[in-house]
Amino acid sequence: MDYFAYRNGSLFCEDVPVADIATKVGTPVYVYSAATLRHHYGRIAAAFAELSPMICYSIKSLSNVHVLRLLRELGSGFDVVSGGELVRAQAAGGEMSKVVFAGVAKTDAEIRQAIDAGIGLFNIESEQEFENVARLCRQAGRSMRAALRVNPDIDPKTHRYTSTGKKESKFGVDIERAERFFQTYGRVESLRLDAIHLHIGSPIYTADPYVEAVTKTLAMMERLRGQGFVIRTLDIGGGFAADYEAGKSPDAATYAAAIVPLLRGRGLEVILEPGRSINANAGVLLAGVLYVKQGGERNFVIVDAAMTDLIRPALYGSEHFVWPAKLAAGETSPPRQISHEAPGGVKVDVVGGVCESSDFLAKDRTLPPMQRGDLLTIFTAGAYGFVMSNQYNSRPRAAEVLVDGTAWRVIRRRETYEDILAAEITKE
C-alpha cells in the first residue's frame with residue numbers, strides 16, 4: 001500500500017498533485033510520501049510486536065536526514081555501513097545505543113568514530129576485523145558489543161548482486177568458521193561477542209529463506225551456549241521485499257508469521273534491519289519528456305531523468321512501473337503491472353540523456369502516446385534511488401521532496417553546476 005493515487009486523471013501524492021511539485025521544483029525530482037513511510041514502518045512493528053524487536057532502519061536504502069528524523073520519531077534505530085551514515089544518524093537525532101554498524105571494510109577512522117559515538121553494536125565480518133576493532137576499543141579504554149555476521153549458506157533466490165547468504169559471499173563467515181570464531185574471540189573483554197547477525201540478501205519474496213537461515217543459526221547458538229558462551233541478541237537483518245508490481249511481495253505479517261514462532265520464548269533481543277520494505281513504495285521519480293524519436297523499429301521517449309538518477313534498471317535489470325502523471329481522457333487508473341498496456345498505446349523505451357547505451361529507465365513498455373512536455377512517473381523509486389545517484393556526465397543530482405498530507409517541502413535542493421565544481425581544488 002502507498003499514498004499515491006490518481007484523482008480526476010491526475011496523480012496525487014497524499015493530497016498534493018505531483019504535477020504541482022514538478023512545476024515549482026522542476027524535474028527530475030524524487031517525491032516521498034510521509035504517510036507511506038509511517039504506514040510501512042508501523043506494519044513491520046505490529047507484525048513482529050510479540051518479539052519486541054529493535055527496528056534499525058537501513059540508512060543505505062534512503063538516507064535523507066529528514067526521512068531519518070521521521071523514522072526516529074516513530075522509534076526507529078539505524079543500521080549504518082559507513083562513517084557518513086553514522087553522521088546522518090547523529091544528525092537525525094538517533095539514539096546511539098540503537099545503532100548497528102555493518103560492512104566488511106570499516107576503516108580505523110570509522111571504527112574510532114563509532115566507539116566515540118557509543119553505538120550499540122558492531123556487526124563483525126572477519127577475524128582480522130574483530131582483532132582490529134578490539135584493539136581500537138582497548139586503545140579508547142572502552143568495552144563495546146559485537147555481533148558476528150554468520151553466513152548460513154542460504155540461497156535467497158534474488159539478484160546475484162544482492163544475494164549475501166551463500167558461503168562464497170564476501171560478507172560474514174560460514175557456520176563452521178563461526179563456531180571456531182567464538183572459541184577464539186568469544187571471551188575478549190574489550191569487544192564482547194554476544195550476538196549473531198544474519199543478512200542473506202534483498203529483496204526476498206518468501207519467508208522460506210529466513211526460516212532456513214534462522215533455524216540453522218539457532219542450532220549453532222545452542223551448541224555455542226553448551227560451550228558456555230552467552231548470546232543475548234539475534235539480528236535477522238532485512239531484505240523483505242517491496243511491491244515493484246502490485247501484489248507481488250508478501251506483507252510484513254506474512255514474514256512474521258513464519259519467523260516469530262521460531263524465536264518465541266527464547267529470551268533473545270531481536271533486531272530487524274528493514275529498508276526497501278519501508279521506503280520503496282514511499283517514493284516516485286518524476287521525469288519530464290524532452291523528445292520522442294524513432295530509431296529503426298524502436299520508439300524512444302527521451303526524458304530528463306537518466307541512469308544517473310535511477311541506476312537500478314541498468315545495474316540490476318530491475319523493472320519499475322512507469323506511467324504518465326496525467327491520464328488520457330477516459331483512461332482509468334492503471335494497475336501497477338509492468339505488462340500493463342495502454343489501449344492504442346505505443347511500445348517504447350524510456351531513456352535518458354547519458355552517453356551510454358545502458359542508460360534506460362524502462363524497455364518495451366506500451367505507454368499512451370507521449371509528447372514533449374509530458375510528465376512521467378517512475379513508481380516504487382524510494383529505495384536505492386536517490387542514494388545511488390551520481391554526477392556522471394557532470395549532471396547535477398535531482399531534488400528531493402517530502403509530502404505530508406496537504407503540505408510539501410524540498411528536503412534536498414537540486415544541485416547546481418557550482419556544486420559539481422565545489423570540491424575540485426584548482427589554482428589559477
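The face of helix H5 turned away from its buried side carries two exposed residues, Ala 109 and Asp 116. Exposed means over 50% relative accessible area, buried under 20%, and partly exposed in between, with a 1.4 Å probe and protein chains only. Helices are DSSP runs of H or I with at least four residues, strands are E runs of at least two, and both are numbered from the N terminus.

This is a predicted model: local features need pLDDT of at least 70, side-chain atom pairs count only at pLDDT 80 or more, and totals for chains, interfaces and linings use all residues. Residues are numbered from 1 along each chain as its sequence is written, and side-chain values use heavy atoms, with hydrogens and water left out.

**Helix H5**

H5 spans residues 108–117, and its buried residues are Glu 110, Ile 111, Ala 114, Ile 115 and Ala 117. They cover an arc of only 165° around the axis, which puts them on the same side of H5. The arc is taken from the directions that run from the helix axis to the C-beta atoms. An α-helix has 3.6 residues a turn, so residues three or four places apart point the same way.

What do the buried residues of H5 pack against? Two helices are among the partners: H4 (83–91) and H6 (127–140). The strands are S7 (99–101), S8 (121–124) and S9 (144–151). Contact here means heavy atoms within 4.5 Å. Just after H5, Gly 118 takes a positive phi of about 75°.

**Two buried positions**

Pro 28 sits in the loop between helix H1 (18–25) and strand S4 (29–33). Its relative accessible area is 8%, so Pro 28 is buried. Residues up to four places away in sequence are not counted in its contacts. Pro 28 touches Leu 285, Leu 286, Asp 304, Ala 305, Asp 309, Ala 398, Ala 399 and Arg 414. Pro 28 and Leu 286 are 258 residues apart along the chain, yet their C-alpha atoms are separated by 5.5 Å.

Ser 58 belongs to strand S5 (residues 54–58). Ser 58 counts as buried because its relative accessibility is 2%. Neighbours within four places in sequence aside, Ser 58 is in contact with Asp 79, Glu 273, Pro 274, Gly 275 and Tyr 384.

**Salt bridges**

A salt bridge is a side-chain nitrogen of Lys or Arg within 4 Å of a carboxyl oxygen of Asp or Glu. The count by this rule is 22. Three of the pairs are listed here.

| Acid | Base | Closest N and O atoms |
|---|---|---|
| Asp 404 | Arg 38 | 2.9 Å |
| Glu 415 | Arg 397 | 2.8 Å |
| Glu 415 | Arg 412 | 3.5 Å |

Asp 404 forms a salt bridge with Arg 38. Asp 404 lies in strand S20 (residues 399–404) and Arg 38 in helix H2 (residues 34–47), so this pair ties together parts that are 366 residues apart in sequence. Asp 404 is partly exposed at 38% relative accessibility. Arg 38 is partly exposed too, at 33%.

Glu 415 forms salt bridges with Arg 397 and with Arg 412. Is Glu 415 buried or exposed? Glu 415 is buried, with a relative accessible area of 9%. Arg 397 is partly exposed at 23%, and Arg 412 is partly exposed at 26%. Elsewhere, salt bridges that share partners join Arg 145, Asp 194, Arg 232 and Glu 269 into one network.

**Cavities**

Rolling a probe the size of a water molecule over the atoms shows where empty space is left. On a 1 Å grid over the protein atoms alone, a cavity is a set of points where a 1.4 Å probe fits but cannot get out, and lining residues have an atom within 4 Å of a point. Grid points are joined across faces, edges and corners, and a volume is the space filled by probe spheres set on the points.

The structure holds two cavities of 30 Å³ or more. The largest has a volume of about 40 Å³. Its lining consists of Leu 198, His 199, Ile 200, Tyr 210, Ala 213, Val 214 and Ile 236. By class, that lining has six nonpolar, one polar and no charged residues. Ala, Val, Leu, Ile, Met, Phe, Trp, Tyr, Cys and Pro count as nonpolar, Asp, Glu, Lys and Arg as charged, and the others, Gly among them, as polar.

The second largest cavity holds about 30 Å³ of space. Residues that line it include Phe 321, Trp 323, Gln 337, His 340 and Arg 365. S18 gives the most to this lining, with three residues. The lining of the second largest cavity divides into five nonpolar, three polar and one charged.

Note on methods: On a 1 Å grid over the protein atoms alone, a cavity is a set of points where a 1.4 Å probe fits but cannot get out, and a pocket is an open set with protein on both sides within 12 Å along at least five of seven lines; lining residues have an atom within 4 Å of a point.
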